[in-house]
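Work through the two exercises below with the sequence and the coordinates at hand, and attempt each task before reading its solution.

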Amino acid sequence: MSAQTQTDQEFAGAHGVPVEAVQLLRRAELIDLHIDTFIPPRLMGYNLHKRHGLGLLRGRFFGHLDLPRVEEGGLTGAMWSITTNPFRTRAGRWRTFTKNLKRFRNFIDSTDGRLRIVGDAAEYAAARQAGAHAVLPSVQGGNAFEGAPDGWLSIADNPIVRVTLVHLTNSAYGITSSPFKGWKGKRGLTDAGRDFVKELNHHRVFVDLAHVNPRTFWDAVEVHDKTQPLLATHTGVNGVKKHWRNLDDDQLKAIADTGGVIGIIFSQAFLKVRGGPRDSGMVVDHMEHVIDVVGEDHVAVGSDYDGAIVPPPDLRSGTNYVRLVAAMLARGWSAERVEKVLGGNALRVLAELRPGKVQSASAGAA
Ligand SMILES: [Zn+2]
């Protein structure tokens, strides 16, 4: 709030968008289903308290977000990822994860309430009422938990709300979609992977099918509790661009069948097609394909900011979400549809899986 010194008009002018896009953004909840903004401070000592420019890389790979730009950009909540380095040993991954979780919590504490960790919809609402950005702690690479002595319960008050089963390499749980030599495989979810999905279901933690190969995807759909919404938090779609990292229409339908949501990534590598848009329109193209196949209740934003991606040129900074809003409006989307995609759909699944104290009594959740 305090960071907002620009008027809507000035912000619109600075981003070259109509003021309506700014007004819509400012009244909407904007929840990004996947940001890796915890990586740069860990690896490069990047100071998230400071406002950064695009830097030497001009917005490629890292440096997309920081605390001031989270607020300025209108990002009201996000799944902040703690990413596992798959090349560590099993025990090393677990040790490093617990260390990183502690650092993560310390960082949030250092923001004096501007960022707040939330675990459910009631906490999300309370954070927003206090003017805080809601941090939904997430893990990329469930193999962080392989070495956990007591599984999910190894962490007291485990704050993690979402886990991907694998990352860029295979894990003890399943097979990655990455096409690198030696990692590709026809195999799917392992027995340990099946147990892990059941454990996540038991604790009502979102199972995220980003990064898995098709066989692992379908095995996970099969074993996953049908009453809980599935996610694919950061992906493109094969219906627009065929790519090893993207999802087929059947996969979109399987996620939508659970009431779940597909987050569209901002990576040009997975989105851009010859003759297609060169800017944020490419994100909207992939979103529109999801809408064509399964409807507007099942698509969301999943930028992968700070996750070594190269976003379209007009989305290189985390203050640029407003340009995505403008691109949606330029397609003739209703304000209602825009608000669903920005945050409404993400909030719906959060309320469904993890309503929290306020609502759970009335919902009679078992
Ligand atoms: Zn990823």
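**Exercise 1. The enclosed space**

Determine which classes of residue line the largest cavity of this predicted model, and establish which secondary-structure element supplies the largest share of that lining.

Solution. By class, the lining holds nine nonpolar residues, with no polar and no charged residues. The residues themselves are Ile 31, Leu 33, Met 79, Leu 136, Leu 231, Ala 346, Leu 347, Val 349 and Leu 350. Turning next to the elements, at least two lining residues come from each of β1 (31-35) and α13 (335-353), and α13 provides the largest share, with four residues. As for the space itself, the largest cavity encloses about 50 Å³, and the count of cavities of 30 Å³ or more comes to one.

**Exercise 2. The zinc site**

Identify the protein donors of the zinc ion, describe their spacing in sequence, and decide whether Gln 140 and His 211 are buried or exposed.

Solution. The zinc ion has as its protein donors Gln 140 through OE1, His 211 through NE2 and His 234 through NE2, at 2.1 to 2.3 Å. Along the sequence these donor residues follow the spacing Q-x70-H-x22-H. Distant parts of the chain are linked by Gln 140, in strand β4 (residues 133-140), and His 211, in the loop between β6 (206-208) and α8 (214-223), which lie 71 residues apart. For the final step, the cut-off for buried is under 20% relative accessible area. Gln 140 is therefore buried, because its relative accessible area is 2%, and His 211 likewise counts as buried, because its relative accessibility is 6%.

Terms used
Residues numbered from 1 in each chain as written. Predicted model: local features only at pLDDT ≥ 70, side-chain atom pairs only at ≥ 80, totals over all residues. Heavy atoms only, no water. 1 Å grid on protein atoms, 1.4 Å probe; cavity = no way out; pocket = protein on both sides within 12 Å on 5 of 7 lines; lining within 4 Å. Points joined across faces, edges and corners; volume = space filled by probe spheres on them. Nonpolar A, V, L, I, M, F, W, Y, C, P; charged D, E, K, R; others polar. Donors = N, O, S within 2.8 Å, 3.2 Å for Na, K, Ca; no water. Buried < 20%, exposed > 50% of the residue type's maximum accessible area, 1.4 Å probe, protein only.
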